[in-house]
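Visitor: Could you walk me through this model before I go back to the bench?

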Amino acid sequence: MFFKDIIGQTETKQRFIQSVKEGFIPHARLISGREGTGTLPLALAYARYLHCTNRQEEDACGTCPSCQKFNKLSHPDLHFVFPIINKKGNKEAFCDDFLPEWRKFISETPYAGLTTWLEAIDAENAQGLIYARESEEILRKLNLKAYESDYKVMIIWLPEKMHETAANRLLKLLEEPPEKTVFLLVSEEPEKIITTIRSRAQALNVPPIADEDLARALAEKQTISSEDIALVIRLAKGSYEDAVNIIQSTNENEAYLDLFITIMRNSWTRNVVNMKAKADQFASMGRDRQKGFLAYSQRMIRENFLYCLQAPEINYMNRKEAEFAVNFHPYVNEVNIIDFMGELALAERHIESNVNPRMIFFDLSMKIAVLLKNKN
Ligand SMILES: [Zn+2]
C-alpha cells in the first residue's frame with residue numbers, strides 16, 4: 001500500500017507526509033474512522049513511507065530493500081496486532097499464527113472490516129479478540145532490536161477489541177515508550193478504548209471519503225454503470241467497503257433473479273433436461289450462495305403472493321422483479337403458498353446438513369412443477 005493507492009483523503013495523506021518530512025514522528029497515533037474510509041491503508045502507507053530508505057516527495061520509492069519487503073508485508077520491523085479467534089485444537093492462538101491470512105486480507109481487501117476478516121479466518125460465530133496473552137508477544141517483539149530501519153512500527157488494528165489485561169500492558173508501553181518505536185492504533189470505535197490510552201496517542205480522525213473520490217475509485221475498480229454509481233455513492237456515505245458490498249449484493253440479486261426465473265420456466269414447461277442443467281449450475285455455486293439463493297427465492301414467493309393480494313404498499317421488489325411478477329404472481333396463491341415456502345425452507349435446511357445440492361435442487365424443481373399447476 002502506497003499513499004498513491006489511497007482513495008481520496010488528500011489532506012490526511014499530506015499530514016502524514018509532512019510530519020515525516022519535518023521529523024515529527026509521534027510514538028503513538030490513534031487513527032480512527034468508519035469502516036471503509038481507509039484508516040488501515042493510511043497506516044500501511046505511512047509505515048512504508050517511514051521505513052523507505054529512498055523517500056520521494058509524496059510517496060515511498062517502491063524499489064529500495066525496505067519497500068521490497070513491504071511488497072510482501074514481511075518487513076522485520078513491521079509488526080501487526082489484530083483480533084483473532086481460538087481455533088479448535090489450538091487454544092493458545094497468537095496473531096502470528098494468522099499472519100498468512102492477514103497478509104492476504106490486507107493486500108486484497110485493505111478497506112474491509114472485521115466481518116470480512118472473521119470470514120477470512122473461518123471464525124463462524126466466534127468474535128474476534130486481541131487476547132491478554134498477545135501482550136507478551138508485543139513486548140517480546142518490541143524488545144527486539146530494530147533490524148533494518150530507524151523505527152519499529154506496530155500496527156494495532158481495532159484496539160477496541162483488546163482484552164483489558166492487554167490494554168493495560170499496552171498503556172504501560174505507551175507511558176514509557178521503547179525508543180524508536182511507533183504504535184499505530186487503527187480504530188473504528190475509539191470511544192471504546194480506555195481514555196488513558198487515548199490520551200497518550202496523537203489523534204487523527206479520518207473523515208468519510210469525498211463523493212467524487214469514491215465515484216472515481218468505483219468507476220476504476222468495479223464493474224458498475226455510471227447511473228448506478230450515483231445511487232451507490234448516496235448509500236455508501238463515504239465508505240469504500242460499504243460501496244463494494246452494495247454493488248456485490250445488487251449483482252448477486254440479479255443473478256439470483258435470473259436463476260429464479262429460469263427455474264420457474266423449466267418447472268412450468270416440465271423441461272427435465274434444463275432442470276438437470278440448472279441443478280448442475282446450482283451445485284457449483286458454493287454453499288453460502290446456494291443458501292442465499294434459497295432465501296432469495298422465499299422472498300420472491302412471498303412478494304408474489306402479496307402482489308396477488310393487491311397490496312402494493314407492502315411490496316418490496318425492484319423494477320426487474322416487479323416486471324417478472326406481472327405474469328408470475330397468479331401462480332403463487334393461497335392454495336400453494338404454504339407448500340411453496342415449506343419446500344424452499346426444507347431445501348435450505350438440507351443444504352445446511354450437507355445433502356447433495358444437485359439432488360436437492362432437482363427434487364425442488366420437480367416439486368415446483370407440481371405446485372405451479374395451482375394457478376389462480
Ligand atoms: Zn523505498
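What follows is a short chat about the whole protein, a metal site and a helix pair.

Guide: This is a predicted model, in which local features need pLDDT of at least 70, side-chain atom pairs count only at pLDDT 80 or more, and totals for chains, interfaces and linings use all residues. Residues are numbered from 1 along each chain as its sequence is written, and side-chain values use heavy atoms, with hydrogens and water left out.

Visitor: How many helices and strands does the protein have?
Guide: There are 16 helices and five strands, and of the 376 residues 48% count as buried (under 20% relative accessible area, with a 1.4 Å probe and protein chains only).

Visitor: Switching topic, what coordinates the zinc ion?
Guide: The SG atoms of Cys52, Cys61, Cys64 and Cys67 do, at 2.3 to 2.4 Å, and these donors follow the spacing C-x8-C-x2-C-x2-C along the chain. Donors here are N, O and S atoms within 2.8 Å of the metal (3.2 Å for Na, K and Ca).

Visitor: And which geometry does the site of the zinc ion have?
Guide: The site is tetrahedral, with angles of 104 to 116° among the four donor atoms; four donors earn that term if all angles lie between 85 and 135 degrees.

Visitor: Is Cys67 buried or exposed?
Guide: Cys67 is buried, with a relative accessible area of 0%.

Visitor: Now helix 15 and helix 16: at what angle do they pack?
Guide: Helix 15 (residues 337-352) and helix 16 (residues 357-371) pack at about 175°, with their axes 10 Å apart, and they are therefore roughly antiparallel, a term for angles over 145 degrees.

Definitions and conventions. Axes are lines fitted to C-alpha atoms, for helices over the stretch in contact, and angles run from 0 to 180 degrees between N-to-C directions. Helices (H or I, at least four residues) and strands (E, at least two) are DSSP runs, numbered from the N terminus. Angles under 35 degrees count as roughly parallel, over 145 as roughly antiparallel, 65 to 115 as roughly perpendicular and the rest as oblique. Four donors count as tetrahedral if all angles lie between 85 and 135 degrees; four count as square planar and six as octahedral if opposite donors are over 155 degrees apart and all others between 65 and 115; anything else is irregular. Buried means under 20% relative accessible area, exposed over 50%, partly exposed in between (1.4 Å probe, protein chains only).
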